[in-house]
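Work through the exercises below with the sequence and the model open. Each task is followed by its solution in steps.

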Amino acid sequence: MASFPVELLFGIYLGILTGIIPGLVAWSLGFVFKYFTGVTIPGFGVVVLSVALAGVNGGLLALADPTITQSANAVTITTAILVVLMISLYAHSRGDQMGATFPKRLSLKQLRERTLAADVRGALAGRDEARVRVVGEVADMEGYPPLSDELRAEIGASEWTFPADLRISELESRLAERLKTEYDLGDAAVTVDERGRASVVAAPPFSGLSKRVPDGKRAVSVNALVPTGVARSDEVTLITPDAQVRGTVVSAKTQRAATGAGPDPEATESVDGADDDADDDERAPQPVRAPTTTGGEGRITVAVTRTDADPLLKADRARVVVESRGVRREYELLSLLRRAGRRFGRVTVGAGGPLDGASVGEANVRGAYGVAVMAVRGASGWVVAPKGSTTLSAGDEVFAVGTRGELDAFREAVA
């Protein structure tokens, strides 16, 4: 007869070996019953079934059976039974939890509507922002020439900051647009997981300046004293001896003065992000922002109509006046809401949910969920500040205002 520790270890081994199938059965029962019925199976019934499946008749009564407790292998068998019980109880508990939290009526669209994991948002970028980083090798897009090694490495090392409450599908579309804008890519496709890791497939730039010039416009460059802070897409007025021309900046480059000398034509800084400093590689990564000019003598390229292009082509030099693009009141509104602890949220009405076929008044959205409905977008278009008689249908998008918790509860209830 083996020593007690050896029999104990053998019993643990035997319990793990024979407890795999009972554990799977216990998990399946816990998950299926909780998911479809909302009922939790009592743990006693699960362990009795699991021990029976493990080959010991009588379930828990086997622990009191003299033929087992007084046999030569009593320690081994009893330990194995206890291990099977623990495996079954744990598997049942995990299955029950997954059944309670698993999305109902699961679909590919619902998976894409999920947001980044809460712990990732908090750990990476604070309370209201999340950082998405590109992982793995940037793949070439089928049908396009391959990316250069430099561009591939630059994209692969990039990180991007977005609002933390964006859905994954929105993160993917926004990141694809920012990649195309930042690197002038011909095309880009992005897949983001819940941990904020992005896989990128990209096509190299197949055009330069012409890609940024709107249809029907012409790009013209002139020498000028470029103001500090000019960025791409700014509206400017170019004043020449013959005309005043208004256009949109597509590129600007300024000269930076060298120490103890005049302007160095080789030392330039542009709104395209080009920088010839030798110590660029030693700089710490900076947050992504719109590249702007540092101000001074340089050249500015603007998109203008064909008629306005003629006086610019004849002029050797122009004066630059930056035009105001107005105050963005929507951003001020969002700032006020955030200061008051409120957020905007977009919720899609689910089929068969409490809002499907009901009016805003009947659903009592404000009283039941604590949120205010600001607008509804459905098949017939937008309805701003909807009345109580506005009827909602499956697929309609409801734009509501409330606290983060209220919006999350509202989304869970109507999805």
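A salt bridge is a side-chain nitrogen of Lys or Arg within 4 Å of a carboxyl oxygen of Asp or Glu. The model is predicted, so local features need pLDDT (the predictor's confidence in each residue, from 0 to 100) of at least 70, side-chain atom pairs count only at pLDDT 80 or more, and totals for chains, interfaces and linings use all residues. Residues are numbered from 1 along each chain as its sequence is written, and side-chain values use heavy atoms, with hydrogens and water left out.

**Exercise 1. Salt bridges**

Task: Find the salt bridge partner of Asp140 and state which parts of the chain the pair ties together.

Solution.
1. By the salt bridge rule, the count comes to eight.
2. Asp140 pairs with Arg152, with the closest N and O atoms 3.1 Å apart.
3. Asp140 belongs to strand E2 (residues 139-140) and Arg152 to helix H7 (residues 149-156), so the bridge ties together parts that are twelve residues apart in sequence. Helices (H or I, at least four residues) and strands (E, at least two) are DSSP runs, numbered from the N terminus.
4. Asp140 is partly exposed at a relative accessible area of 35%, while Arg152, at 15%, counts as buried. Buried means under 20% relative accessible area, exposed over 50%, and partly exposed in between (1.4 Å probe, protein chains only).

Task: Place the bridges Glu397 to Arg377 and Asp408 to Arg411 in the secondary structure.

Solution.
1. In the bridge of Glu397 with Arg377, the closest N and O atoms are 2.4 Å apart.
2. Glu397 is in strand E15 and Arg377 in strand E13 (residues 372-378), 20 residues apart, and the pair links distant parts of the chain.
3. Glu397 is buried at 15% relative accessibility; Arg377 is partly exposed at 30%.
4. Asp408 and Arg411 meet at 3.3 Å, N to O. Both lie in helix H14 (residues 404-414), three residues apart, about one turn of the helix.
5. Asp408 is partly exposed at 39%, and Arg411 is partly exposed at 32%.

**Exercise 2. Aromatic rings**

Task: Classify the ring pairs Trp160 with Tyr183 and Trp382 with Phe399.

Solution.
1. Rings of Phe, Tyr and Trp (its six-membered ring) pair if their centres lie within 6.5 Å; planes under 30 degrees apart count as stacked, over 60 as edge-to-face and the rest as tilted.
2. The structure holds three such pairs. In one of them, the ring centres of Trp160 and Tyr183 are 6.3 Å apart with planes at 85°, so this pair is edge-to-face.
3. Trp160 lies in strand E3 (residues 159-163) and Tyr183 in helix H8 (residues 168-183), so the pair joins parts 23 residues apart in sequence. Both residues are buried.
4. Trp382 and Phe399 form a tilted pair, 5.1 Å centre to centre with 35° between the planes.
5. Trp382 is in strand E14 (residues 381-384) and Phe399 in strand E15 (residues 397-402), so the pair ties together parts that are 17 residues apart in sequence. Phe399 counts as buried at 18% relative accessibility.

**Exercise 3. Confidence**

Task: State the mean pLDDT of the protein chain and locate a stretch where pLDDT is below 50.

Solution.
1. The mean is 76, and 76% of the residues reach 70 or more.
2. Residues 257-268 have pLDDT below 50; beyond near neighbours in sequence, this stretch has 17 contacts (heavy atoms within 4.5 Å) in the model.
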